[in-house]
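Please open the model in your viewer and keep the sequence panel beside it, since this tour moves from one selection to the next.

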Amino acid sequence: MELDLTPKSAQPLFEGEGGGYYTWYSSQMPILARTNVGAGRFVLHPRGFAFPHYADSSKVGYVVQGSDGVVGMVLPDGKEEVVLKLEQGDVIAVPVGAVSWWFNDGDTDLIIVFLGETSKALIPGQFTYFLLTGAVGVIGGFSTELTGKVYNFDKDEVQKLTKSQAELFIVKLDKNQALPKPQIDITKKLVYNIDAASAENVVENAGLVKTLTEKEFPFMGEIGLSLIRVKLEAGAIKAPSYAITTAIQLIYIARGSGKIEIVDFNGKSALDTRVKAGDLIVVPQLFVVGKIAGKETMECYSITTTTKPLFEELAGKGSIWGKLSSSIQEVGLNVDSEFISKMKKSSDLIPPSY
């Protein structure tokens with residue numbers, strides 16, 4: 001079984017004055033459909049506004065850039081809209097079917113990457129969006145007769161309802177257009193800044209690893225995913241590891257550049273390539289992945305398709321080598337005890353000067 005794990009960048013789905021939405025097409029990256037994961041990238045220019053919509057997949061959004069983002073959302077079974085503030089480093093869960101609108105109230109672009117699971121999607125490996133309004137809004141697809149009777153509208157009113165907004169998805173709002181203000185108290189419950197959170201693994205001059213699950217951020221439980229942040233200083237290495245929960249990893253390179261290596265079940269290299277900001281990489285279940293930062297700091301964010309991710313490390317204090325008995329290691333590796341002792345002193349985050 002040969003899998004094409006080549007990293008890909010997002011392609012435009014829509015671009016306009018207010019911004020654009022970019023996607024990874026499963027037709028161009030078949031591994032997405034095979035592993036039932038997907039991704040999208042939102043770019044809202046200043047005053048950019050995305051019409052209310054819902055999607056066929058649950059996903060997590062990470063704010064790559066921006067300080068004055070606003071999202072309005074009606075959650076499944078929700079009784080009213082919640083309005084949340086977003087800034088760089090924020091994580092927000094978007095359950096399947098939730099209706100949301102997005103706005104950039106800042107002076108620079110607001111960039112959000114969405115990573116999610118697509119096992120029940122209309123197109124495996126992709127998110128499909130349904131807009132409530134605009135030129136392709138769902139309400140415009142019904143007959144004049146049905147819409148008129150539902151809303152007690154005459155033909156002219158139906159025409160006004162379905163045709164007044166001719167734009168597709170994202171528009172630029174006038175500076176005088178008022179929108180709901182973020183609810184700070186609710187934002188604290190439904191938004192989590194992973195970049196500002198304490199990491200469980202930090203090595204000086206090497207980097208850090210932060211895992212976000214429903215234990216710290218209960219909203220993640222609504223979408224059945226977890227999120228992992230890995231930050232590597234220039235030239236640093238994240239030692240190989242694999243998910244023992246048979247989860248899929250979907251990795252997005254948010255900043256910097258470096259190298260990703262993936263090894264398959266035959267002990268063969270499935271991927272050994274340079275990566276840059278904007279690249280997306282899929283790690284199939286139980287495949288082993290290692291990361292090396294380039295000449296600048298590399299930051300990547302990845303989802304795992306489970307709420308309780310467990311990883312086995314191939315280096316460091318908690319690695320599998322430290323768990324197996326020395327005699328088994330000597331036989332399995334055909335090395336002596338001194339060699340094994342040296343292996344056990346390794347680290348899962350290695351500085352460039354190591």
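A helix, as the word is used here, is a DSSP run of H or I that holds at least four residues, and helices are numbered from the N terminus. With that in mind, and remembering that this is a predicted model, begin by selecting residues 155-163, which make up helix α3, and pick out L161 within that helix. L161 is partly exposed, because its relative accessible area of 37% falls between the limits of 20% for buried and 50% for exposed.

Now add F142, L146, V150, Y151 and F153 to the selection, and you will have, together with L161, a nonpolar patch on the surface with about 550 Å² of accessible area. Helix α2, residues 144-151, gives the most to this patch, with 3 residues.

Next, turn to the largest pocket, which has a volume of about 340 Å³. Select E200, V209, T211, F311 and E313, which are the closest to its centre among the 17 residues that line this pocket. Colouring the strands will help, as β16, β17, β18, β19 and β25 each supply at least two residues of the lining. By class, the lining of the largest pocket divides into 7 nonpolar, 5 polar and 5 charged residues.

Finally, move to the second largest pocket, with a volume of about 270 Å³, and select L13, Y21, Y129, L131 and F169, which lie nearest its centre out of 14 lining residues. Strands β2 (11-16), β3 (19-23) and β12 (129-131) each supply at least two residues of this lining. Which classes of residue does the lining of the second largest pocket have? There are 11 nonpolar and 3 polar residues, and no charged residues.

Notes: Residues are numbered from 1 along each chain as its sequence is written. This is a predicted model: local features need pLDDT of at least 70, side-chain atom pairs count only at pLDDT 80 or more; totals for chains, interfaces and linings use all residues. Side-chain values use heavy atoms; hydrogens and water are left out. On a 1 Å grid over the protein atoms alone, a cavity is a set of points where a 1.4 Å probe fits but cannot get out, and a pocket is an open set with protein on both sides within 12 Å along at least five of seven lines; lining residues have an atom within 4 Å of a point. Grid points are joined across faces, edges and corners, and a volume is the space filled by probe spheres set on the points. Ala, Val, Leu, Ile, Met, Phe, Trp, Tyr, Cys and Pro count as nonpolar, Asp, Glu, Lys and Arg as charged, and the others, Gly among them, as polar. Patches are made of residues with over 30% relative accessible area and no salt bridge: like charges are joined within 9 Å, nonpolar side chains (Val, Leu, Ile, Met, Phe, Trp, Tyr) within 5 Å. Accessible areas come from the Shrake-Rupley method with a 1.4 Å probe; for residues, only the protein chains shown count as cover. A salt bridge is a side-chain nitrogen of Lys or Arg within 4 Å of a carboxyl oxygen of Asp or Glu. Buried means under 20% relative accessible area, exposed over 50%, partly exposed in between (1.4 Å probe, protein chains only).
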